[in-house]
Amino acid sequence: MLRYEPGFSLDLLVDLAIPIGEYDSDQSLNIGQNRWYGRVGMPVILQIGEWVPGRRTTLEILPSVWFFGDNTDYSGGKTLETDPSFQLDAHLTRDLTEHFWGSIDGVYYTGGKASVDGVSGSSLSNLGVGLTLGYQINDNLNLTFGYKSTVNDSAADDLKMDVFMVSLVYGWHPLVEGMKRLQGEK
């Protein structure tokens, strides 16, 4: 395992959001969406060059399709329906040090036309770019900061998006924990 050199990886991603929590159709802003939704994707990771901490470079591509259930209590009892949408994410990631990394990000959305009680809106067709910086605090804890913005949003009905993201992720894996024990760490 210590000599492992990744090259190409193809995985399966499945997300599902269930409609739990509070929802009030009389309020224009809700944390919940009062509907099921999720995605299926196939992340592709290509290792570029050596797999050495502090010098790794990867190209990550994630094509995915989002599916949406209906919200039958949307804005005072109306029905919100949304067509499936396609999303393509891409990240060129480079280790800047052994614990600090950065990436240049791109995203493309298409589809996802929504309708309320049969009155249809527009489908998405948007392109966004961004930057992400991450710091590995320890083997189990990672902190990331990111910014993403749409670049083809000049028309009045285009999706305009500026996203700031901060995430703190704690993770573990029996393999990592086993390696710590083998190396005599506590």
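Let me begin with Asp 15, which forms a salt bridge with Arg 39, where the closest N and O atoms are 2.6 Å apart; by salt bridge I mean a side-chain nitrogen of Lys or Arg within 4 Å of a carboxyl oxygen of Asp or Glu. Before going further, I should say that this is a predicted model, in which local features need pLDDT of at least 70 and side-chain atom pairs count only at pLDDT 80 or more, while totals for chains, interfaces and linings use all residues. Residues are numbered from 1 along each chain as its sequence is written, and side-chain values use heavy atoms, with hydrogens and water left out.

Coming back to that salt bridge, Asp 15 and Arg 39 link distant parts of the chain, since Asp 15 sits in strand β2 (residues 13–17) and Arg 39 in strand β3, 24 residues apart. Strands here are DSSP runs of E with at least two residues, numbered from the N terminus. Asp 15 is partly exposed, with a relative accessible area of 29%, whereas Arg 39 is buried, at 15%; buried means under 20% relative accessible area, exposed means over 50%, and partly exposed is what lies in between, with a 1.4 Å probe and protein chains only.

How many salt bridges does a search of the whole structure find? The search finds three. Another of them joins the side chains of Asp 95 and Arg 56, at 2.9 Å from N to O, and this pair also links distant parts of the chain, with Asp 95 in strand β8 (residues 85–95) and Arg 56 in the loop between β4 and β5, 39 residues apart. Here Asp 95 is the buried partner, with a relative accessible area of 10%, while Arg 56 is partly exposed at 22%. There is also a salt bridge between Glu 50 and Arg 55, with the closest N and O atoms 3.8 Å apart, and Arg 55 is partly exposed, with a relative accessible area of 45%.

Let me turn now to the aromatic rings. Rings of Phe, Tyr and Trp (for Trp, its six-membered ring) pair if their centres lie within 6.5 Å, and planes under 30 degrees apart count as stacked, over 60 as edge-to-face and the rest as tilted. By this rule the count comes to three aromatic pairs. One of these is the tilted pair of Tyr 37 and Trp 66, with 6.3 Å centre to centre and 35 degrees between the planes. Tyr 37 belongs to strand β3 (residues 37–41) and Trp 66 to strand β5 (residues 57–68), so that the pair links distant parts of the chain, 29 residues apart. Tyr 37 is partly exposed, with a relative accessible area of 25%, and Trp 66 counts as buried at 18%.

Tyr 37 also forms a stacked pair with Phe 68, at 6.3 Å centre to centre and 25 degrees between the planes, and this pair, too, links strand β3 with strand β5, with the two residues 31 apart. Phe 68 is partly exposed, at 23% relative accessible area. Ring pairs thus link Tyr 37, Trp 66 and Phe 68 into a cluster.

Finally, strand β5 also holds Phe 67, which is partly exposed, with a relative accessible area of 43%. Phe 67 is one of the residues that make a nonpolar surface patch of about 1,200 Å², others including Phe 8, Leu 10, Leu 46 and Ile 48. Patches are made of residues with over 30% relative accessible area and no salt bridge, with like charges joined within 9 Å and nonpolar side chains (Val, Leu, Ile, Met, Phe, Trp, Tyr) within 5 Å. Strands β1 (8–10) and β4 (44–48) each supply at least two residues of this patch.

How values were computed
Helix = DSSP H or I, 4+ residues; strand = E, 2+ residues; numbered from the N terminus. Areas by Shrake-Rupley, 256 points an atom, 1.4 Å probe, with all protein chains shown as cover.
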